[in-house]
Amino acid sequence: MTTTEITDPRPSYARALTWVRELMAAVPADRLDDPTPCAEYDVRALLGHLVATVGRARVIGEGGDPTTEPTVVTGVPDDGWAEAYAAATERMWPVYRADGVLDREVVAPWGRAPARTAVWAYLNETLVHGWDLAVATGQPVEFPDPAVPEQVLAVVAPLVPAAVRGGPVPFAAVVASGPDAGPTERLAHWSGHARP
């Protein structure tokens with residue numbers, strides 16, 4: 001990971017979005033109703049949530065209210081999720097290419113924050129739900145560059161400590177990681193996600 005990626009989460013976010021799009025494209029049609037490590041979503045709903053996260057990230061960067069966007073996108077054909085995700089991503093990126101955007105104050109679902117913090121949060125969500133999708137559909141679960149989830153965990157852990165879970169903090173208790181868990185799985189475990 002480069003110094004730019006450490007201070008600017010956008011390159012890592014772009015790579016994570018590409019990874020998830022590739023996972024989506026490889027989801028078998030007969031797995032869409034299967035459970036995922038994210039207990040509130042089956043595979044189809046998780047796909048819809050992933051598309052929605054990109055829409056919410058765009059609205060945040062535009063200075064809007066992310067709660068005006070759905071948490072789960074519906075109405076996408078079963079074979080159209082990767083394309084819907086790619087389209088949402090293409091619509092979102094121009095917002096985050098603007099000069100000075102990362103230091104602009106925005107309204108995120110958890111309150112006011114610099115846009116940089118919001119991008120870190122959506123990078124975390126993308127990696128964790130990518131792991132969920134990979135587990136649920138029998139695909140490789142680790143992000144190709146281990147430095148990315150390691151850095152995200154280093155950034156996110158102090159912001160969402162293990163002791164502060166439940167209520168307004170939408171994270172379950174930390175899951176203990178085994179000695180063989182890779183960095184993406186450890187990141188998912190920190191977010192309270194475990195294999196079903």
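Let's start with Thr184. It lies in helix α7. This is a predicted model, so keep that in mind throughout. Is Thr184 buried or exposed? Thr184 is buried, because its relative accessible area is 0%, and the cut-off for buried is under 20%.

What does Thr184 touch, once residues up to four places away in sequence are set aside? The list is Trp19, Leu127, Trp131, Val141, Glu142, Phe143 and Pro149. Keep two of those names in mind, Leu127 and Pro149. Both come back in the next contact, between α5 and α6.

So, α5 and α6. Helix α5 covers residues 115-137. Helix α6 covers 147-159. Their axes come within 10 Å and cross at roughly 125°. The two helices are therefore oblique to each other. The crossing is left-handed. From α5, the contact uses Trp120, Leu123, Asn124 and Leu127. From α6, it uses Val148, Pro149, Gln151, Val152, Val155 and Val156. By class, that gives eight nonpolar residues, two polar and no charged.

Just past that helix, look at Val160. Val160 sits in the loop between α6 and α7, with α7 spanning 183-190. Val160 is buried, because its relative accessible area is 14% and the limit is under 20%. For a distance check, take Gly80. Val160 and Gly80 are 80 residues apart along the chain, and their C-alpha atoms are separated by 34 Å.

Next pair, α2 and α3. Helix α2 is residues 10-25, and helix α3 is residues 43-61. Here the axes come within 11 Å, and the crossing angle is roughly 155°. That makes α2 roughly antiparallel to α3, because the threshold for that label is over 145 degrees. The crossing of α2 and α3 is left-handed. Which residues meet? On the α2 side, Tyr13, Leu17, Val20 and Met24. On the α3 side, Leu47, Leu50, Val51, Val54 and Ala57. This contact divides into nine nonpolar, no polar and no charged residues.

Now the loop after α3. Val72 is in the loop between α3 and α4, where α4 is 81-96. Val72 is partly exposed, because its relative accessible area is 24%, and partly exposed runs between the 20% and 50% cut-offs. Beyond its neighbours within four places in sequence, Val72 contacts Tyr41, Ala45, Gly48, His49 and Ala52. Another distance: Val72 and Ala26 are 46 residues apart along the chain, with their C-alpha atoms separated by 20 Å.

Step back to the whole chain. How many helices and strands does the protein have? Seven helices and two strands. From the N terminus, the order is α-α-α-α-β-β-α-α-α.

On overall dimensions, the C-alpha atoms fill a box of roughly 45 × 40 × 35 Å along the principal axes. The radius of gyration is 16 Å. For 196 residues, a compact globule would come out near 16 Å, so the two agree. Buried residues make up 47% of the 196.

Last item, contact order. Take the contacts with a separation of 6 or more. Of those, 68% join residues 24 or more positions apart.

To recap the two helix pairs. The α5 and α6 pair is oblique, with two polar residues in its contact. The α2 and α3 pair is roughly antiparallel, with no polar residues in its contact. And Thr184, where we began, is buried at 0%.

Definitions and conventions:
Residues numbered from 1 in each chain as written. Predicted model: local features only at pLDDT ≥ 70, side-chain atom pairs only at ≥ 80, totals over all residues. Heavy atoms only, no water. Axes fitted to C-alpha atoms, helices over the stretch in contact; angles between N-to-C directions. Helix = DSSP H or I, 4+ residues; strand = E, 2+ residues; numbered from the N terminus. Parallel < 35°, antiparallel > 145°, perpendicular 65-115°, else oblique. Left-handed = near helix turned anticlockwise from the far one by under 90°. Contact = heavy atoms within 4.5 Å. Nonpolar A, V, L, I, M, F, W, Y, C, P; charged D, E, K, R; others polar. Rg over C-alpha atoms; globule rule 2.2 N^0.38 Å. Buried < 20%, exposed > 50% of the residue type's maximum accessible area, 1.4 Å probe, protein only.
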